[in-house]
Amino acid sequence: MSNYLRNCWYAAAESTEISDKIFARRYLNEPVLIYRKEDGTPVALRDRCPHRYLPLSMGRKLGDTIQCGYHGMIFDETGACSDIPTQDSIPETAKIKAYPLAERYGFLWIWMGDPEKADEALIPDFEPDLGLKLGERLNDDYPSHWGYKKVQGHYQLMVDNLLDLSHIGFVHSSTIGSEETTRQHASGEQKVVGKIVSDYRIAIDVEAPPAFKAAPVEGPIDFWLDMHHHIPSNFLQVFGIAPTGMDRDKGVPFEGFHLLTPETDTSCHYYFGAYLKVKGAPQEPVDKLAMAADHAFNEDMVVIEAQQKEIIEGQELVEDTTVALRADRAGIMARKLLSQHLAAEQSAE
């Protein structure tokens with residue numbers, strides 16, 4: 001499960017998390033440190049001194065450079081060593097990897113593959129194909145809530161989880177789902193457009209799940225769940241409720257995002273959030289949904305971590321032993337699409 005797509009952009013951190021202080025994190029099994037130069041430009045370097053492998057994040061920032069805390073070697077924003085206190089000459093091998101960074105949608109995105117192929121036009125964008133904007137989370141007209149979790153499970157387990165929302169009627173029956181809605185959601189439609197796999201689900205004339213009962217909608221409702229997955233690991237979600245038979249914009253329409261970045265073969269970083277797409281709406285409905293969603297995400301973590309533990313102890317890959325259900329269609333389509341891009345990337349090396 002550790003075959004990562006590398007020539008693509010991953011969410012490294014929220015823009016506000018990165019300052020002139022050293023920020024250390026692991027991506028795709030590689031240790032990385034990030035900081036901002038004095039002019040605000042972000043820099044990402046491998047967090048490992050080439051001399052004795054001490055994490056450079058244990059050193060200090062000197063102006064726009066990083067000094068190793070072990071023997072004082074200094075590295076600039078390109079990864080080149082610019083000074084060794086104990087000698088005048090600098091070996092050609094005294095350098096570390098620098099990673100391309102880009103800033104968009106309030107996030108810093110990191111390119112873990114070939115730096116020569118880094119193209120900001122490849123940052124995940126749902127607008128050309130779907131008319132949906134990931135940057136809407138920054139729109140002050142929409143009340144919003146977002147957060148971060150460290151997941152002790154392979155990122156692909158989270159991808160499978162998010163693309164098969166038939167689980168919400170069982171794992172999240174006390175918050176965002178119900179068995180009644182799940183039975184209808186399971187018969188949704190799936191599509192692939194470019195690098196995006198879409199899963200459309202709707203339950204008609206049902207009782208609102210617990211988390212939505214505080215919404216100003218009375219009686220039976222229609223409950224839609226549309227999930228759009230931009231491979232390898234980014235999602236934009238459109239969901240909400242409306243009185244049965246009425247247009248979505250007459251109800252309570254939400255959009256949300258889920259950004260996953262592999263940390264190791266058994267863990268990943270997870271940024272998430274949602275916003276109510278009604279201009280000038282109060283913050284309260286979003287906060288109530290956020291509380292329920294946070295509880296639901298914690299329930300997901302229990303499932304994901306139990307799966308990961310079983311995979312490790314059983315020494316089996318999930319795809320080798322699991323039974324596929326109809327609700328898995330989007331997940332299977334996503335895995336096939338990812339495999340195609342992995343094969344193309346590897347053949348080009």
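A residue counts as exposed when its relative accessible area is over 50%, as buried when that area is under 20%, and as partly exposed in between. Keep these words in mind for the close-up views below, which come from a predicted model.

**View 1. Helix H7 has a buried face and an exposed one.**
Welcome to helix H7, which runs over residues 329-347. At 1.5 Å a residue, its 19 residues should span 27 Å, and the C-alpha atoms at its ends are indeed 27 Å apart, so the expected and modelled spans agree. The buried residues here are Ala330, Gly331, Ala334, Leu337, Leu338, Leu342 and Glu345. Looking down the axis of H7, you would find these buried residues within an arc of 140 degrees, so they line one face of the helix. Turned away from that buried side are the exposed residues Lys336, Gln340 and Ser347. What do the buried residues of H7 pack against? Their partners are helix H2, strand S13 (189-193), strand S14 (196-206) and strand S15.

**View 2. Helix H2 is largely enclosed by the rest of the structure.**
Helix H2 covers residues 155-163. Of its 9 residues, 8 are buried, which is why H2 is described as largely enclosed. The buried residues are Tyr155, Gln156, Leu157, Met158, Val159, Asn161, Leu162 and Leu163. H2 is one of the elements that the buried residues of H7 pack against, and H2 also supplies at least two residues to the lining of the largest cavity, which is the subject of the next view.

**View 3. A cavity lies inside the model.**
Rolling a probe the size of a water molecule over the atoms shows where empty space is left. How many cavities of 30 Å³ or more does the structure hold? There is 1, and the largest cavity has a volume of about 390 Å³. Its lining is made of 28 residues, and those nearest its centre are Ile176, Gln237, His258, Ala293 and Phe297. Helices H2 and H5 (284-314) each give at least two residues to the lining, as do strands S15 (221-230), S16 (234-243), S17 (252-264) and S18 (267-276). The largest share, 8 residues, comes from H5. Sorted by class, the lining has 18 nonpolar, 8 polar and 2 charged residues.

**View 4. Asparagine 298 sits on helix H5.**
Stay with H5 for a moment and find asparagine 298. With a relative accessibility of 37%, asparagine 298 is partly exposed. Its C-alpha atom is 20 Å from that of glutamate 255, a residue 43 places away along the chain.

**View 5. Three spots show backbone geometry worth a look.**
Most residues other than glycine have a negative phi, and most peptide bonds are trans. Which two residues does a cis peptide bond join? They are isoleucine 231 and proline 232, with omega at about 10 degrees; proline 232 lies in the loop between S15 and S16. Leucine 28, which is not a glycine, has a positive phi near 50 degrees. Leucine 28 belongs to the loop between strand S2 (23-27) and strand S3 (30-36), and is buried at 3% relative accessible area. Aspartate 205, in strand S14, also has a positive phi, of about 60 degrees. Is aspartate 205 buried or partly exposed? Its relative accessible area is 45%, so aspartate 205 counts as partly exposed.

**View 6. Two glutamates appear in their surroundings.**
Glutamate 14 is part of strand S1 (residues 9-14) and is buried, with a relative accessible area of 13%. Beyond its neighbours within four places in sequence, glutamate 14 contacts Gly106, Phe107, Leu108, Arg137, Trp146 and Tyr271. Glutamate 207 is found in the loop between S14 and S15. Setting aside residues up to four places away in sequence, glutamate 207 touches Glu180, Thr181, Lys213 and Ile221. From glutamate 207 to glycine 188, the C-alpha distance is 19 Å, across 19 residues of sequence.

**View 7. Lysine 21 lies in a loop between two strands.**
The last stop is lysine 21, in the loop between S1 and S2. Its relative accessible area is 56%, which makes lysine 21 exposed. Apart from residues up to four places away in sequence, lysine 21 touches Ile34 and Tyr35. The C-alpha atoms of lysine 21 and isoleucine 34 are 8.4 Å apart, with their positions 13 residues apart along the chain.

Technical notes
Residues are numbered from 1 along each chain as its sequence is written. This is a predicted model: local features need pLDDT of at least 70, side-chain atom pairs count only at pLDDT 80 or more; totals for chains, interfaces and linings use all residues. Side-chain values use heavy atoms; hydrogens and water are left out. On a 1 Å grid over the protein atoms alone, a cavity is a set of points where a 1.4 Å probe fits but cannot get out, and a pocket is an open set with protein on both sides within 12 Å along at least five of seven lines; lining residues have an atom within 4 Å of a point. Grid points are joined across faces, edges and corners, and a volume is the space filled by probe spheres set on the points. Helices (H or I, at least four residues) and strands (E, at least two) are DSSP runs, numbered from the N terminus. Ala, Val, Leu, Ile, Met, Phe, Trp, Tyr, Cys and Pro count as nonpolar, Asp, Glu, Lys and Arg as charged, and the others, Gly among them, as polar. The expected span of a helix is 1.5 Å times one less than its number of residues. Buried means under 20% relative accessible area, exposed over 50%, partly exposed in between (1.4 Å probe, protein chains only). The arc is that of the directions from the helix axis to the C-beta atoms. Contact means heavy atoms within 4.5 Å.
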